[in-house]
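Biologist: Hello! I am new to this structure and would like to learn how the labels people put on it are earned. Could you take me through a few of them?

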Amino acid sequence: MRDKPPAEPPSSEVTPEKTYLRRRELLKNAGLFAGTAVAVAGGLHLLGRKQTRPMERFVPDAGLVEQPVAQAMGPFDTDEPRTPYEDVTTYNNFYEFGFDKNDPARFAHTLKPKPWSVVIDGEVHKPRTVDVEQLTSWFSLEERVYRMRCVEAWSMVIPWLGFPLAALLQRVEPTSHAKYVAFTTLLDPEQMPGQRRALLDWPYTEGLRLDEAMNPLTLLATGLYGRQLPNQNGAPLRLVAPWKYGFKGIKSIVRISLTREEPMTTWRLSAPREYGFYANVNPSVPHPRWSQASERRIGDFERRPTLPFNGYAEQVAHLYTGMDLRRFY
Ligand code: MTE
């Protein structure tokens with residue numbers, strides 16, 4: 001994103017999308033993650049609505065089986081084809097592990113997502129420091145199939161597993177002074193060797209306005225494709241706000257602080273003329289160095305038009321009533 005044009009498209013962008021054998025891919029990993037996946041499958045009724053979409057499940061003793069019957073989708077899910085697991089986990093931005101798109105998949109094995117402590121503090125009545133496994137156990141996990149649009153003008157469709165950030169925030173009881181939520185990634189050059197280079201101002205930080213954080217679309221993700229989050233995608237906990245450019249989706253979170261003031265964010269600090277706090281997907285506001293009008297969906301040959309708010313205007317446009325979205329980018 002910085003001082004360098006977007007990398008060459010990966011072969012997946014120019015190859016017609018192959019028939020993706022998710023089942024085979026998942027079976028390959030079933031042994032590794034069976035315990036988690038059973039727990040996840042058990043929790044998939046979720047938040048007052050029935051478990052709603054087809055997904056693979058682990059069945060004890062039987063390994064992984066695919067749900068044969070298509071079920072109705074959840075209200076926020078896209079039915080667009082999902083980006084293959086292989087692409088979602090090998091074409092990444094995670095500068096703590098390098099600059100190239102495949103660096104995170106190659107080098108993020110040094111990250112140790114267990115045990116993992118998360119601090120929730122600031123303007124809350126009930127600050128907590130909690131292990132991520134305990135934190136996750138407080139909530140039912142649900143699958144959400146969201147579009148993700150990177151500011152570099154590529155996009156994916158990803159079936160996340162996670163829980164609404166709102167559920168966590170309600171639990172710690174924001175004070176009446178809380179206006180923003182600030183997120184911080186782990187700072188540990190031993191685990192994240194890229195932090196030895198001054199590429200960005202470490203640790204990576206991000207932020208949302210409190211009402212954005214409370215929006216039902218906003219997730220804390222712990223997995224994707226029915227499995228634990230791979231390190232390169234931000235294990236063990238990352239933010240997903242699908243109407244914003246992908247860089248808002250901070251990975252490997254260790255701290256969530258509620259604040260009175262708008263928090264500084266990594267990309268804004270690094271290139272204030274290029275990246276703003278809001279970073280809502282907006283095809284009519286070009287990045288200073290390239291257009292945002294269209295995007296390349298990973299796996300597609302043709303570009304497609306980018307949608308305002310990445311297609312989630314119905315859910316979030318009201319958050320910005322009265323704001324000049326050209327100025328507050
Ligand atoms: N979080 C941290 N800690 N470090 C990063 O470099 N990159 C961001 C975001 N979260 C990044 C991060 C950017 S630029 C994007 S596009 C998304 O992660 C990419 O998420 P993905 O690799 O899971 O597709």
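Modeller: Gladly! This is a predicted model, and a good place to start is Asn 233, which has a relative accessibility of 3%.

Biologist: Why is Asn 233 called buried?

Modeller: Buried means under 20% relative accessible area. Asn 233 has 3%, so it counts as buried. You will find Asn 233 in the loop between strand E10 (227–228) and strand E11 (238–240).

Biologist: What does Asn 233 touch, leaving aside its neighbours within four places in sequence?

Modeller: Its contacts are Val 88, Thr 89, Asn 92, Leu 224, Arg 238 and Lys 251. With Val 88 we can be specific: the side chain of Asn 233 reaches the backbone oxygen of that residue at 3.0 Å.

Biologist: Which residues does the UniProt annotation "binding site" cover?

Modeller: According to the unreviewed UniProt entry, they are Asn 92, Tyr 95, Glu 96, Cys 150, Thr 185, Asn 233, Arg 238, Gly 249, Ile 250 and Lys 251. Of these, the lining of the largest cavity includes Asn 92, Tyr 95, Glu 96, Cys 150, Thr 185, Asn 233, Arg 238, Gly 249, Ile 250 and Lys 251.

Biologist: Glu 96 is on that list. How do you know whether Glu 96 is buried or exposed?

Modeller: We set its value against the cut-off again. The relative accessible area of Glu 96 is 2%, so it is buried, given that the limit is under 20%. Glu 96 is in the loop between helix H3 (85–88) and helix H4 (103–107). Beyond its neighbours within four places in sequence, its contacts are Thr 185, Met 192, Pro 193, Gly 194, Gln 195, Trp 202 and Tyr 204.

Biologist: Let us turn to the rings. What makes Phe 139 and Phe 163 a stacked pair?

Modeller: There are 14 aromatic pairs by the rule used here. Rings pair if their centres lie within 6.5 Å, and planes under 30 degrees apart count as stacked. For Phe 139 and Phe 163 the centres are 4.5 Å apart and the planes are at 15°, so the pair is stacked.

Biologist: Why do you say that this pair ties parts together?

Modeller: Phe 139 is in the loop between helix H5 (132–137) and strand E5 (142–149), while Phe 163 belongs to strand E6 (residues 154–164), so the pair ties together parts that are 24 residues apart in sequence. Phe 139 counts as buried at 14% relative accessibility, and Phe 163 counts as buried at 0%.

Biologist: And why are Phe 277 and Tyr 278 called edge-to-face?

Modeller: Their planes are at 90° and their centres 5.3 Å apart. Planes over 60 degrees apart count as edge-to-face, so that label applies. Both Phe 277 and Tyr 278 are buried. Lys 248 lies over the face of Phe 277, 4.4 Å from the ring centre.

Biologist: My last stop is Asp 121. Why does Asp 121 count as buried?

Modeller: Its relative accessible area is 16%, so Asp 121 is buried, the limit being under 20%. Asp 121 is part of strand E3 (residues 117–122).

Biologist: What makes the link between the side chains of Asp 121 and Ser 257 a polar contact?

Modeller: The distance between those side chains is 2.5 Å, and a polar contact needs N or O atoms within 3.5 Å, one able to donate a hydrogen and the other to accept it. Leaving aside neighbours within four places in sequence, the contacts of Asp 121 also include Pro 127, Arg 255, Ile 256 and Leu 258.

Terms used
Residues numbered from 1 in each chain as written. Predicted model: local features only at pLDDT ≥ 70, side-chain atom pairs only at ≥ 80, totals over all residues. Heavy atoms only, no water. UniProt positions renumbered as here; feature names shortened; annotations may be inferred. 1 Å grid on protein atoms, 1.4 Å probe; cavity = no way out; pocket = protein on both sides within 12 Å on 5 of 7 lines; lining within 4 Å. Helix = DSSP H or I, 4+ residues; strand = E, 2+ residues; numbered from the N terminus. Buried < 20%, exposed > 50% of the residue type's maximum accessible area, 1.4 Å probe, protein only. Contact = heavy atoms within 4.5 Å. Phe/Tyr/Trp six-rings, centres within 6.5 Å; stacked < 30°, edge-to-face > 60°. Lys NZ or Arg CZ within 6 Å of the ring centre and 35° of its normal.
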